Every structure is written in C-alpha cells, then in structure tokens.
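Here is a protein chain to look through together. Have the sequence and the 3D view at hand, and we'll go from one part to the next.

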Amino acid sequence: MSHQDRPDPKQRRVQGAPPGAGLPTRNTATRGPARRGRYVVAGILLSAAILFPLMPQTYSFNAPALGGLPFFYWYQLLWVPISAALSGVAYWLVNTEDRRRRAAARAGVADLDGDEMDGDERP
C-alpha cells in the first residue's frame, strides 16, 4: 500500500455519507435545505429599516416638536435605534436558520422530497 492509497489523516469522514464515500468533495453539501420563512421575514425587516426613512412625505413637518427639535429631526433620529434593532433581529433569524441547515447537512437528514441526503449531493 503506497502513501497515495491511504486516506489523509487530516481529512475527516463526512457524517451521514454512504459507506465508501466518506471524504468530502467539492460537491459535498455543507448546508441542508433552506426554509424560506426566516429569510423572507429578515428581508421584510431590513427593507422596512431602509424604506421608511427614505419616504420624506411621511415626516416632513415641524409639529410635534420634542425637546425643541422639529418632528423632521427627531423622527430620523428615532430610526437609528429602530434600524439597529431590526438589523439585529434579521441577523439572528438568518444565523439560526444557517445553523439549522448546517446541522441538517451534518446529520444527513431527509431533504424536502423525503429522500435521505448523503454527503455527495446538493439539496
């Protein structure tokens, strides 16, 4: 047995792969199938944080003043923490979905068609 026939100890077997196909290839799935719901909600949150401050017809007046600042100014300043919160929630949604998809690929769970995923197929 030459050194080329032995598996590289640095490479690990892919969990859920069929016997004989244990080493990862460029076609090995790194994520399971996606669920669109979390991505859609994250997109809506991010678009709200972008679009509402870009509509000046909704806030281009002086009254009501808050602490001497016209509505035009404090409304825009109010969107800074709101946008940060919406971005944080969108990040959390996408990040948890990505962790779920990676765990699904490692476990070799069934894909959307009900077929068992093995390590060499993309969803």
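**A walk through the model**

Let's begin at Phe71, which is buried, with a relative accessible area of 12%. Keep in mind as you look around that this is a predicted model.

Phe71 has an aromatic partner, Trp74. Their rings form an edge-to-face pair, with 4.9 Å from centre to centre and 90 degrees between the planes. Both residues sit in helix H2, and because they are 3 residues apart there, about one helical turn separates them.

Now zoom out for a moment. What does the protein chain have in the way of helices and strands? There are 2 helices and 0 strands. Helix H1 covers 36–51, and helix H2 takes in residues 71–107. The chain has 123 residues, and 24% of them count as buried. On the outside, the chain exposes about 9000 Å², with carbon and sulfur atoms supplying 61% of that area. As for how the chain comes together, take the contacts between residues at least 6 apart in sequence: 66% of these join residues at least 24 apart.

Back to the rings. The count of aromatic pairs comes to 6. One of them joins Phe52 and Trp79: the ring centres are 5.6 Å apart and the planes are at 20 degrees, so this pair is stacked. Why does this pair tie together parts that are 27 residues apart in sequence? Because Phe52 lies in the loop between helix H1 and H2, while Trp79 lies in helix H2. If you follow the backbone instead of the rings, the C-alpha atoms of Phe52 and Trp79 are separated by 8.6 Å.

The two partners sit in their surroundings in their own ways. Trp79 is buried, at a relative accessible area of 12%. Phe52 is partly exposed, with a value of 38%. Leaving aside neighbours within four places in sequence, Phe52 is in contact with Thr58, Tyr59, Tyr75 and Trp79. Step back and you can see a cluster linked by ring pairs, made up of Phe52, Phe61, Phe71, Trp74, Tyr75 and Trp79.

Next, the inside. Which residues make up the largest nonpolar core? It has 8 of them: Leu45, Ala49, Tyr59, Phe71, Tyr75, Trp79, Leu86 and Leu93. You've already met Phe71 and Trp79 as ring partners, and here they turn up again as members of this core. The elements giving two or more residues to the core are H1 and H2, and H2 provides the largest share, with 5 residues. Pick out Leu45 and look at what surrounds it. Not counting residues up to four places away in sequence, Leu45 touches Leu86, Val89, Ala90 and Leu93.

From here, move along helix H2 to some charged side chains. How many salt bridges does a search of the whole structure find? It finds 2. In one, the side chains of Glu97 and Arg100 meet, at 2.7 Å from N to O. These residues are 3 apart in helix H2, so they are separated by about one helical turn. Glu97 is buried, with a relative accessible area of just 2%, whereas Arg100 is partly exposed at 24%.

Another salt bridge joins Asp98 and Arg102, whose closest N and O atoms are 3.1 Å apart. Both of these lie in helix H2 too, 4 residues apart, which is about one turn of the helix. Is Asp98 buried or exposed? At 18% relative accessibility, Asp98 counts as buried, because the cut-off is under 20%. Arg102, at 32%, counts as partly exposed.

Last stop: the surface. Look for Leu69, Tyr73, Leu77 and Val80, which form a nonpolar patch there. Together these four have about 400 Å² of accessible area. Val80, one of the patch members, has its place in helix H2. With a relative accessible area of 55%, Val80 is exposed, whereas Trp79, right before it in the numbering, is buried at 12%.

Definitions and conventions. Residues numbered from 1 in each chain as written. Predicted model: local features only at pLDDT ≥ 70, side-chain atom pairs only at ≥ 80, totals over all residues. Heavy atoms only, no water. Patch = residues over 30% accessible without salt bridge, like charges linked within 9 Å, V, L, I, M, F, W, Y side chains within 5 Å. Areas by Shrake-Rupley, 256 points an atom, 1.4 Å probe, with all protein chains shown as cover. Buried < 20%, exposed > 50% of the residue type's maximum accessible area, 1.4 Å probe, protein only. Phe/Tyr/Trp six-rings, centres within 6.5 Å; stacked < 30°, edge-to-face > 60°. Contact = heavy atoms within 4.5 Å. Core = buried A, V, L, I, M, F, W, Y, C linked by side-chain atoms within 4.5 Å.
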